[in-house]
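Visitor: I would like a close look at one part of this structure. Please take a single residue, and then show me what surrounds it.

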Amino acid sequence: MTYAFSFSWLAEYYPVLLKGILITIELIVVGGLFGVALGTACAWARALGPAWLKPLVSAYVELIRNTPFLIQLFFIFFGLPSLGVRLTELEAANLAMVVNLGAYSCEIVRAGLQATPRGQFEAGASLAMSPIQTFRYIVLVPAFQRIWPALSSQVVIVMLGSAVVSQIAAEDLTFAANFIQSRSFRAFEAYFVTTAIYLALAILLRQVLAGIGAMIFPRRPAR
Amino acid sequence: MIEFTIWDILRNLLLAARWTVVLSLVSFLGGGIVGALLLFLRIGGNRLSTAFTKYYVEFFQGTPLLMQLFLAFFGLGLFGINVPAWLAAGIALILWTAAFLTEIWRGSVESVVRGQWEASASLGMGYVQQMRYVILPQALTVAIPPTVGFSVQVVKGTALTSIIGFVELSKAGTVVTNATFQPFTVYGLVALIYFALCWPLSKSSQILERKLNVAHRNH
Amino acid sequence: MSLIEITDVRKSFGQTEVLKGIDLDVKPGEVIAVIGKSGSGKSTLLRCINGLETIDGGSISVAGAQLLPDEAHLKALRLKVGMIFQQFNLFPHLTAGGNVILSQTVVKKTPKREAEAMARKMLERVGLAEKFDAYPDELSGGQQQRVAIARALAMQPIALLCDEVTSALDPELVAEVLAVVRELAAEGMTLLMVTHEMKFARDVCSRVVFMHQGRVHEIGRPEEVFARPKTPELRQFLGVQ
């Protein structure tokens with residue numbers, strides 16, 4: 001092998017990488033917040049919601065969990081315009097991430113809710129709290145504490161999965177890599193550097209999520 | 001312009017789906033073999049091999065599968081070979097699958113309580129005998145549901161190989177869309193085919209989980 | 001006038017009828033012990049009064065609030081009766097103070113400051129003023145149960161239902177919880193308690209209800225019920241020949 005590695009392109013293209021990193025971070029922040037919110041709402045609907053809503057939520061969750069993110073993305077970006085819903089690349093990417101994480105976090109949050117001792121619901125009821133109040137003030141926080149590690153892993157997985165949004169030309173980190181390799185013809189190095197950045201982002205994201213967990217759940221896991 | 005019926009579209013997609021199935025099988029089986037080797041390096045090996053498997057897993061679980069595919073595709077190209085997409089796709093997916101399976105299995109082995117090691121050691125069994133007769137049979141029931149569950153991730157993972165040019169279901173979706181200008185129908189059908197492949201695997205994982213857990217409680 | 005009126009209450013779980021027509025009137029300030037074997041329906045009766053179980057027949061009312069299965073009626077009823085559980089059921093993510101404050105602010109919309117003052121007062125009443133900032137898992141079982149009592153009291157109920165409140169406690173912690181209950185009784189709180197503490201029932205209660213196979217089998221003042229049980233079932237339950 002006589003290939004000579006070269007990273008001199010970095011000097012010229014690092015702003016492109018930086019912009020890509022920012023977009024990837026934007027995607028995971030928006031996707032994470034709204035995705036988990038959607039998942040929590042779905043988990044509530046499946047565990048405690050009205051009967052007519054349950055099959056709809058189940059169908060959504062099963063459909064998303066059993067199809068590739070790439071196809072969900074294509075469907076939203078290329079398919080939805082036939083229904084008159086036209087989104088920009090970034091909007092479509094954000095929406096796809098919310099919809100995707102929503103389905104996975106629904107299952108995770110639901111597992112946390114199911115592990116709630118029955119006595120907690122009864123204690124809330126005996127204090128004259130409504131079912132929604134009991135869910136909001138009593139059940140939710142310990143449930144999240146129980147599933148926080150699983151939820152964090154899923155958020156990291158979705159962040160890594162976001163690499164494919166480059167395929168609809170959303171200008172994320174992978175898009176930046178593709179751009180650089182097409183200009184500098186340094187494909188391997190471009191992807192190598194990008195991969196390292198993703199790895200750093202994943203490690204950082206795990207730390208941040210663990211920090212958030214330590215902040216909102218100051219106590220050790222509920223027994 | 002040629003008119004395409006739904007049947008034309010579906011037939012083309014199903015033909016391409018064969019390659020999704022083949023690649024999934026190869027990745028899952030190959031990943032299983034590599035994963036098993038990694039498992040023994042991890043739990044049976046020395047400090048060095050343990051560290052290696054740890055970093056191996058960290059790399060494959062901490063970076064996008066798409067990047068791994070690109071690296072395989074362009075990295076193999078550095079050796080001067082003109083790499084066919086199927087080869088890069090197969091190698092990347094096997095290594096990626098191995099990382100996840102070895103983690104799942106390690107968790108299963110570690111879930112066997114310490115007392116089982118001690119009890120079997122006190123009966124004079126060696127390491128291999130302990131593994132073969134005491135630990136692995138118990139770890140297996142724990143490992144099966146998540147292993148089956150992970151196969152769903154493998155099938156979905158194959159979709160990314162379309163990006164490096166391997167022609168399977170997702171790639172066919174794009175090709176057919178470009179020919180028919182019916183993205184809603186085509187990607188809808190593509191999604192349904194994936195669903196038909198994945199959903200039975202998801203369901204059996206859930207059913208196995210319930211069954212094996214019940215068996216577990218009877219100990 | 002009765003405070004709690006229970007009339008011909010029936011309850012089934014599937015094919016099994018657990019309550020076969022219960023009639024019981026509780027006057028204000030009465031302390032009633034419900035005793036009986038497990039499976040006699042005594043806990044179910046208590047849970048029905050708080051609306052944790054729906055009843056299949058009969059009626060229950062507390063100070064004029066009728067037990068009906070819709071949310072508004074349940075809330076009105078539950079504001080009048082507090083409940084203490086065998087397993088304490090404290091909220092693990094909130095401090096002792098937080099446990100006592102929560103329902104005041106959420107249900108009664110009491111301002112935060114008032115709710116906190118009330119919480120301190122109630123925790124002091126159960127002898128745990130200094131545990132305001134402690135989390136449930138830092139408290140002993142007896143302390144947890146006393147926080148649960150403070151939590152119920154903070155809603156200012158006119159009656160308390162106690163479902164085997166000492167059964168989950170280590171023997172040496174039973175006394176501290178019973179002392180709190182005894183004090184409540186002395187202050188005139190209406191109490192309906194399922195209990196296995198026969199000595200406590202004899203000393204503190206104004207009436208004892210013996211339940212057997214889903215019915216009120218014997219009822220009377222503790223000195224009568226314990227000293228001169230009329231039915232063979234109660235004699236057997238009390239272990240007297």
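Guide: What follows starts from one residue and works outward to the chains and helices around it.

The model is predicted. The residue chosen is I138(A), which sits in helix α6 of chain A, a helix running over residues 131-161. Is I138(A) buried or exposed? A residue counts as buried if 20 or more other C-beta atoms lie within 10 Å of its own. I138(A) has 27 C-beta neighbours inside 10 Å, so I138(A) is buried.

Which residues does I138(A) touch, once its neighbours within four places in sequence are set aside? The contacts are with Q120(A), G124(A) and F91(C). Two of these names carry the letter of chain A, while F91(C) belongs to chain C. A distance can be added for A123(A), which is 15 residues away from I138(A) along the chain: the C-alpha atoms of the two are separated by 9.2 Å.

The next step is from the residue to the chains. Two pairs of chains touch, and the pair with the most contacts is A and B. Between them, 31 residues of chain A are in contact with 31 residues of chain B. On the chain A side, the elements that give two or more residues are α2 (53-65), α3 (69-79), α6 and α8 (187-216). Helix α6, the helix that holds I138(A), is therefore one of the elements on this list by the DSSP numbering of helices. The largest share comes from α8(A), with ten residues. By type, the chain A side divides into 20 nonpolar, nine polar and two charged residues. Chain B and chain C, by contrast, do not touch, and their nearest C-alpha atoms are 24 Å apart.

Chain B can be looked at in its own right. For residues 17-205 of chain B, an unreviewed UniProt entry lists "domain: ABC transmembrane type-1". This span is 84% helix and 0% strand, and its end C-alpha atoms lie 22 Å apart.

One pair of helices in chain B serves as an example of packing. Helix α2 (residues 47-62) and helix α4 (residues 85-111) of chain B pack at an angle of about 120°, with their axes 9 Å apart. The crossing of α2(B) and α4(B) is left-handed. From α2(B), the contact uses T53(B), Y56(B), V57(B), F60(B) and Q61(B). From α4(B), it uses L95(B), W96(B), A99(B), F100(B), T102(B) and E103(B). The residues of this contact are seven nonpolar, three polar and one charged.

Definitions and conventions. Residues numbered from 1 in each chain as written. Chains lettered and ligands numbered in written order. Predicted model: local features only at pLDDT ≥ 70, side-chain atom pairs only at ≥ 80, totals over all residues. Helix = DSSP H or I, 4+ residues; strand = E, 2+ residues; numbered from the N terminus. Buried ≥ 20, exposed ≤ 12 C-beta atoms within 10 Å, placed from the backbone. Contact = placed C-beta atoms within 7 Å. UniProt positions renumbered as here; feature names shortened; annotations may be inferred. Axes fitted to C-alpha atoms, helices over the stretch in contact; angles between N-to-C directions. Left-handed = near helix turned anticlockwise from the far one by under 90°. Nonpolar A, V, L, I, M, F, W, Y, C, P; charged D, E, K, R; others polar.
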